[in-house]
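Q: I am new to this structure and would like a close look at a single part. Please start from one residue and work outward.

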Amino acid sequence: MAGPATATSLRLVLISMTLANAMILVDQTAVPLILPDVMSTFGIGSGLAQWVLNASLLPLAGLLVLGGRLGDLLGRRRIFLLGSAMFGGASAVAGLAPAFWILLLARVVQGAGGALMLPATVAIISSAYPPESRGRALGTMGGTAAIAGALGPTIGGALTSLLSWRAVLLINLPLLLIVLWCTLRAVPADPPRTGRAHVDVSGSLLLCVTLVGVVFGLSQTAVWPLTSPGVWGPVLVAVVAGGLFVRRERRAHNPLMSFALLRRHRNYLGATVSQGLAGMAEMGLGLIFPLLLILNLRMDPGLAGLALIPTTLPMVLLAPLTGRWYDRSGGRAPMTWGFLVLALSGVLLAATVSMDSYLWLLPGLLAYGTGLAIVLTVNDPVTVDSIPEADQGQASGVSATAEQGGGALGIAVLYAVFHQVYLVKFYAAQDAAPGPDLDPDTIGKLKDILIGEEQTGLKVSDFGEYVQTYLIPAREASNLGYAVTFLVVTGLALIGAAASWWLVRRPAPMTTDAEPA
């Protein structure tokens, strides 16, 4: 089969690649809802349970560029199928894991499999569709996957409540069968390889250490003070590894990440910056929103999942329209306006968070979903439209790394901002209060109960009378923490708008003899 030329084949390609994207995103957003049940099954604490999410997210972010490069060198269909097999096998092991350490190892393999799959999806769609409809196809894939990811908390909560936390992982198996059937039927086989492929293993390891070090160090600010070696030590290692990575890639004969591509193609550089900033906002607030709804608005987790549906509605409505907008005008206007709407959402949320009312938050949630939908829909076509086909796997891998790495960084940074502001405000309120100081024993009780309430919704009756006196300053401190965090997102979005306006232009028509970097 020479290529997926028929409408049916194109439809199957789009279905398989979209479903693969959606599976990986839902896995990230649904897993936080299973952590309480995982803690109960294996008898572990909340700190250890968080690694069920990080064990997949960090290898996913760290290996995406390698996955894209392997697709360029060894064949995109071949690498996609290998990644799908790894992701499916690891999902089965994780879902049936008899011990916690087996679950963690399976999640690592899951993340590595996803890193092989994600870059190939964009490159396969880009190769299958003609230029005049490529933007719409990539927008449909990105928008649909983003919708599925936004619904992840609702899906995870429903499956865990109705069946088991294991169902959230095992549901990947029937979905992968559909993906594999569509891929084998519609995506043309890769041509036979000639010569020996050179893979930049050392560059991949350095990039992985850089991402893991930054995220791990920042995430420890919730446990240790900023001056602790457990915080700045991993960040320092990451900075050194990042410097060595840049030096290595500039000297490598066949680099993992071609900085020449970023220098030559302004659109690609702009989309990469945009993808990283959007990922920070998307996944960072994906952690903050449930805390706000459950602890401050006293919703149970199921209701909180439903309350976040307004952030997904704009994605449903705007993804196809934004794809057409891109096809008509290029990426500059949609990306700039998308980031400006995202910046507005941060201001609206910061201004209304202290109202303690979901209706007041609703305009900000809708604006957040609208801005994010526009940016995420346009990023992928902007990335690939000016890149030679031979380098599109690497380019999509860099773009996906920017989004996933930005997401992991966003979780660490935004939660660190919220946590530090909360502590400063809370202790300042206690110092100014006329009553007794909050002793360490009461601090421990307050913390343990709040962690437990994250799974059920806050109920004042769960607190003893003495501890209840500290709920009002705790709520005021958390409201300030949320407001500052939302304003940080506004700042990130304004940077994204400026970068998009400066860097992104309508791409010139690609020539068939374009040389790969």
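Which residues does threonine 311 touch, not counting residues up to four places away in sequence?

A: This is a predicted model. Threonine 311 touches Leu365, Tyr368 and Gly369, leaving out residues up to four places away in sequence. Threonine 311 sits in the loop between H15 and helix H16, which covers residues 313-329. Its relative accessibility is 7%, and buried means under 20%, so threonine 311 counts as buried.

Follow Tyr368 next. Tyr368 is touched by threonine 311, and Tyr368 is also in contact with leucine 285. Leucine 285 has further contacts beyond its neighbours within four places in sequence: Met280, Pro290, Leu414, Thr485, Phe486 and Val489.

Leucine 285 leads to the largest nonpolar core. That core has 41 residues. Leu285, Phe289, Tyr482 and Phe486 touch the most other members. Six helices each supply at least two residues of this core: H14 (266-296), H15 (301-307), H17 (332-352), H18 (358-385), H19 (392-432) and H22 (471-503). H14 gives the largest share, 12 residues. A second core is separate from this one and has 30 residues. Ala20, Met117, Ala128 and Ala137 are among them.

Now for contrast, turn to helix H12. Helix H12 spans residues 229-251, and leucine 244 is found there. Leucine 244 has 42% relative accessibility, between the limits of 20% and 50%, so leucine 244 counts as partly exposed. Leucine 244 helps make a nonpolar surface patch with Trp232, Leu236 and Val240. The patch covers about 390 Å².

Arginine 248 lies in helix H12 too. Its relative accessible area is 36%, so arginine 248 is partly exposed. Arginine 248 and glycine 203 are 45 residues apart in sequence. In space they are 6.6 Å apart, C-alpha to C-alpha.

Last, the cysteines. Cysteine 182 is buried, because its relative accessible area is 3%. Cysteine 208 has 19% relative accessibility, which is under 20%, so cysteine 208 also counts as buried. A disulfide is a covalent bond between the sulfur atoms of two cysteines. A search of the whole structure finds 0 disulfides.

To retrace the path: threonine 311 touches Tyr368, Tyr368 is in contact with leucine 285, and Leu285 is one of the residues that touch the most other members of the largest nonpolar core.

Note on methods
Residues numbered from 1 in each chain as written. Predicted model: local features only at pLDDT ≥ 70, side-chain atom pairs only at ≥ 80, totals over all residues. Heavy atoms only, no water. Patch = residues over 30% accessible without salt bridge, like charges linked within 9 Å, V, L, I, M, F, W, Y side chains within 5 Å. Areas by Shrake-Rupley, 256 points an atom, 1.4 Å probe, with all protein chains shown as cover. Salt bridge = Lys/Arg side-chain N within 4 Å of Asp/Glu carboxyl O. Helix = DSSP H or I, 4+ residues; strand = E, 2+ residues; numbered from the N terminus. Buried < 20%, exposed > 50% of the residue type's maximum accessible area, 1.4 Å probe, protein only. Core = buried A, V, L, I, M, F, W, Y, C linked by side-chain atoms within 4.5 Å. Contact = heavy atoms within 4.5 Å. Disulfide = S-S within 2.5 Å.
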